[in-house]
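Visitor: I should like a close look at one part of this model, namely the nonpolar interior. Please describe how that part is built and how it sits within the chain.

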Amino acid sequence: MSPPDTQQQQQQPTATDLRASLARDGYVLIPSLLTPSELSALRSATARTTALARSGNWPYIRTLPKQFPPWPSDPSAGIWGVQHLLHPSLPDSTLFAHSYFSDSIMGPCKALLECGDEDLVLELYNLLVRPDADFALRWHRDDISEGAGAEEELERLNRPAFHAQWNLALFDDASLVVVPGSHARARTEAEKTADPFAQEIPGMRVVRMQAGDCVFYNNNILHRGVYKADRERMTLHGSVGMVKGNKERARNVLQHGIGAWIGDTDFSGLDDKLRKRAEAMRERAVLLGSASGDVGYFSKDE
């Protein structure tokens, strides 16, 4: 990405603030993570990438009305996302790699995970886009099934996360809806019995981002996405792991199919600092995949 603009638009939260907000609410919003020049470059790249996907010239897509992987590669029913922004065959992969491995992103990740570069593992970088028809995800936790009982939920929620996940908005975005604090407790009876697509549940909050803002969130917070066909959306959706991650984390990542190409990624277009970070994170991801074997899929659409 381009060098930082001279003035920072807003004061950024400290590492302590980030961790406290994530622990309390299950998410934390960082305003103005991108400079105007970075925002402009990424908007152009995502527009080109989305055009490829909608025209059928990029097979790695999220298709309507399917929420979970695997997705078909035919965009004729419409799309709501584009997969594999770091894939070596994608024309703008180097620019997306600049974004993913930048200090702007990796800095908050390391602060939240309380780790260093040597602990980071390359995971996912995808794009969430304006759908061809209105579309909503069901209420869910990314790595805990809807059928889990309270005891299982608490056991899973109390495990260390060993990853960070984020949405980086390139246009104003109010698609993510969360229930603050739900990452630290089992679902209430009202949450268990609610319609999976309920527009309102008690305590929910719409995460409103302006262009350039970034939200980091616990992927097991109770949440959903609401996408409108008449509202532009280009939101970079990523995650980074830690070497302490286990097979369950590997499944959450590898079910998206990155194992087929991650070893072929080309980071030669990055500056020396980012290239070394990227190559080391890639090698740790390859080792994780090799050790995990066939992980299958976490969830399937009904």
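Guide: What follows begins with the chain as a whole and then turns to its nonpolar interior. The model is a predicted one. Its chain contains eight helices and eleven strands. The radius of gyration is 18 Å, close to the 19 Å that the globule rule gives for 302 residues, so the chain is as compact as a globular protein of that length. The C-alpha trace spans about 50 × 45 × 45 Å along its principal axes. Of the 302 residues, 51% are buried. Among contacts between residues at least 6 apart in sequence, 82% join residues at least 24 apart.

Within this framework, the largest nonpolar core comprises 54 residues. The members that touch the most others in this core are Tyr100, Phe101, Trp166 and Val240. Strand β4, covering residues 120–129, gives the most to the core, with seven residues. Val240 merits a closer view. Leaving aside residues up to four places away in sequence, Val240 touches Tyr100, Met106, Cys109 and Leu113, together with Leu120, Val121 and Glu123. The list for Val240 is completed by Phe162, His163, Ala164, Trp166 and Met281. Apart from the largest core lies another, of nine residues, including Tyr27, Ala169, Leu176 and Val207.

The outside of the chain may be set beside this interior. The accessible surface comes to about 13,300 Å², and carbon and sulfur atoms account for 50% of that area. The chain carries 33 positive and 40 negative charges, whose mean positions are 1 Å apart.

Conventions:
Residues are numbered from 1 along each chain as its sequence is written. This is a predicted model: local features need pLDDT of at least 70, side-chain atom pairs count only at pLDDT 80 or more; totals for chains, interfaces and linings use all residues. Side-chain values use heavy atoms; hydrogens and water are left out. Helices (H or I, at least four residues) and strands (E, at least two) are DSSP runs, numbered from the N terminus. The radius of gyration is taken over C-alpha atoms; the globule rule is 2.2 Å times the number of residues to the power 0.38. Buried means under 20% relative accessible area, exposed over 50%, partly exposed in between (1.4 Å probe, protein chains only). Contact means heavy atoms within 4.5 Å. Accessible areas come from the Shrake-Rupley method with a 1.4 Å probe; for residues, only the protein chains shown count as cover. Lys and Arg count as positive and Asp and Glu as negative; His and the chain ends are not counted. The place of a charge is taken as NZ of Lys, CZ of Arg, CG of Asp or CD of Glu. A nonpolar core is a set of buried Ala, Val, Leu, Ile, Met, Phe, Trp, Tyr and Cys residues joined through side-chain atoms within 4.5 Å.
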